[in-house]
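Here are my notes on the model, for you to check against the coordinates. They cover the sheets first, then the helices.

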Amino acid sequence: MTTQTSPSPEHTAFKHVTHWIGGRPSAGEAERRGHIHEPSTGRVSGTVDFASPAEVDAAVAAAKAAFPAWRDASLSARTRVLFRFRELVDAHRDELARLISSEHGKVVSDAAGEVARGLEVVEFACGIPHLLKGGFSENVSTRVDAYSILQPLGVVAGVTPFNFPAMVPMWMFPIAIACGNTFVLKPSEKDPSASVRLAELWAEAGLPDGVFNVLHGDRVAVDGLLHHPDVKAVSFVGSTPVARYVYETAARAGKRVQALGGAKNHMVVLPDADLDLAADAAVSAGFGSAGERCMAISVVVAVEPVGDELVAKIRERVAKLTVGPGDDPASDMGPLVTREHRDRVASYLDSGVAQGAALVVDGRQTPVRGGRGEGFWLGPTVLDHVTPEMDAYRDEIFGPVLSVVRVPSYQAAMDLLAANPYGNGTAIFTNDGGAARRFQNEVEVGMVGINVPIPVPMAYYSFGGWKDSLFGDSHAHGVEGVHFYTRTKAVTARWPDPSHRGVHLGFPAGG
């Protein structure tokens, strides 16, 4: 990220995004800033402050100061704030979607879907009084009772990626806050505005100052949170190398960590599958959000003899997609998030061909509504006859490149998936219930779809993969999310028989 201390003179209408600390925007001049780009034009549309160690300390201090009162707030009081926040996010979902689209590049409808999926976790967190119920055993010994209670950790932090600037943070902070923790969010510096708007909505919902804070920046901010003695837990979503670093660094510092890493999601198509359904799914799951999502299908495993027919159907559907600006309702797919990322993704087209793959659809030649200009464009791309030795197969490309690997049998497909280091999501397309059941039982992947290409769990289940797609023992949201953000305390109690109790005729009421 290029940094600067002030906007360039030719762009005087820039937005300026700063930190949210202690219930208000950060004051003062940042020592370092980064550019915010408009991906469809390549234009620099604003600047974002990068946190210094002092600002990391200030955000954590604000969260620490707010923790005792928020921890002791009744479940009813917390739930009221959560319900109000849910109402506000829902009322502003179109605004949030446009904000996300302008900085990330995804089409507005896709961004609106992102906000909706984040809201599902908020709604799940609204049930926190039920989720925090402990266990109770009466008379475990003579007049002795035993019970367990769930208590918050304290200050917790989340480090989130550019591809879902609203949804992924909302996988984390609604549950953390509902459990009684205070939160410091470090979103991606590439599209930072949605996180600040969410902070403003939290404040409007009545969340006390300091319970939710936002720090922008780069590795300085991340390392500051990973090493800070007052941060008790860290949640992370991003690439596998960084996930491994976050996990190892934070764990060495004695923190609880959930670090969700990269993916290479395979979609297995058996010979008995409905090939029209499979082709629709491959295109939708491969090119939605320009392939910049960890649950995107990036590898179609065609179990022969369906390869030729399936590839033809995929190519036919790709030709009908419209690539254009995210705010154009006619656009099916927008640009990539940065020029550097676009160039990196495009490099796999040349390396794939050089290593023996067939370039069935070249996204570099895809027409763009309104012209390409200086935008970060790469259209849907299909590489056929890809093999496991090729870079296009081995690497997490994180862009609109769909690789087709042909295998002779179901077992060959299973061997391919077993050998892959990632285990985030997978899917199988078949009309054979026995094959599907065998697949879900045998495959070493954390999230499985049966005739469903993107098996993202609902909020009341938990999200996360296996193998190199997860570091730590806990998945995101759902019951595992509640357990991650709480500690269990076991209590054993004996009370003498009361000699006298007063009479109280008032109706009992909760907090």
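1. Three-stranded sheet. This is a predicted model. One open sheet has 3 strands in the order β7-β8-β24, and the pairing is antiparallel. The edge positions go to β7 (136-141) and β24 (486-494). Each has a single partner strand, so one side of each is left without a neighbour in the sheet. Ignoring direction, neighbouring strands here are turned by 30° against each other on average.

2. The β7-β8 pairing. Strand β8 spans residues 144-152 and runs antiparallel to β7, with 3 bridges joining the two. For a register check, look at S137: it stands opposite A146 in β8.

3. Seven-stranded sheet. A second open sheet has 7 strands, ordered β16-β17-β18-β15-β14-β20-β21, with mixed pairing. At its edges stand β16 (358-361) and β21 (447-450). Again a single partner strand is all that each has, so one side of each lacks a neighbour in the sheet. From one strand to the next, the twist averages 20°.

4. The β14-β15 pairing. Strands β14 (residues 265-269) and β15 (residues 297-303) run parallel and are joined by 5 bridges. N265 stands opposite I297 in β15.

5. Helices on the seven-stranded sheet. Helix α11 packs on this sheet and touches β14, β15, β16, β17 (381-384) and β18 (401-407). The direction of α11 makes about 165° with that of β18. Helix α14 (residues 410-419) also packs on the sheet, touching β14, β15, β18 and β20 (425-429). The direction of α14 makes about 155° with that of β15.

6. The α10-α11 packing. How far apart are the axes of helix α10 and helix α11? They lie 9 Å apart, and α10 (residues 275-287) packs against α11 (residues 307-318) at an angle of about 55°. That angle makes α10 oblique to α11. The crossing is right-handed. From α10, the contact uses L275, D276, A278, A279, D280, A282, V283 and F287. From α11, it uses E309, L310, K313, I314, R317 and V318. By type, the residues of this contact comprise 9 nonpolar and 5 charged, with no polar ones.

7. Helix α8. Which residues of helix α8 (residues 219-227) are buried? They are A221, V222, D223, L225 and L226. Note that D223 is on that list. The buried residues of α8 pack against two helices, α1 (53-72) and α9 (240-252), and against strands β9 (155-159), β10 (182-186) and β12 (231-237).

How values were computed: Residues numbered from 1 in each chain as written. Predicted model: local features only at pLDDT ≥ 70, side-chain atom pairs only at ≥ 80, totals over all residues. Heavy atoms only, no water. Axes fitted to C-alpha atoms, helices over the stretch in contact; angles between N-to-C directions. Helix = DSSP H or I, 4+ residues; strand = E, 2+ residues; numbered from the N terminus. Parallel < 35°, antiparallel > 145°, perpendicular 65-115°, else oblique. Left-handed = near helix turned anticlockwise from the far one by under 90°. Contact = heavy atoms within 4.5 Å. Nonpolar A, V, L, I, M, F, W, Y, C, P; charged D, E, K, R; others polar. Buried < 20%, exposed > 50% of the residue type's maximum accessible area, 1.4 Å probe, protein only. Pairing = 2+ DSSP bridges.
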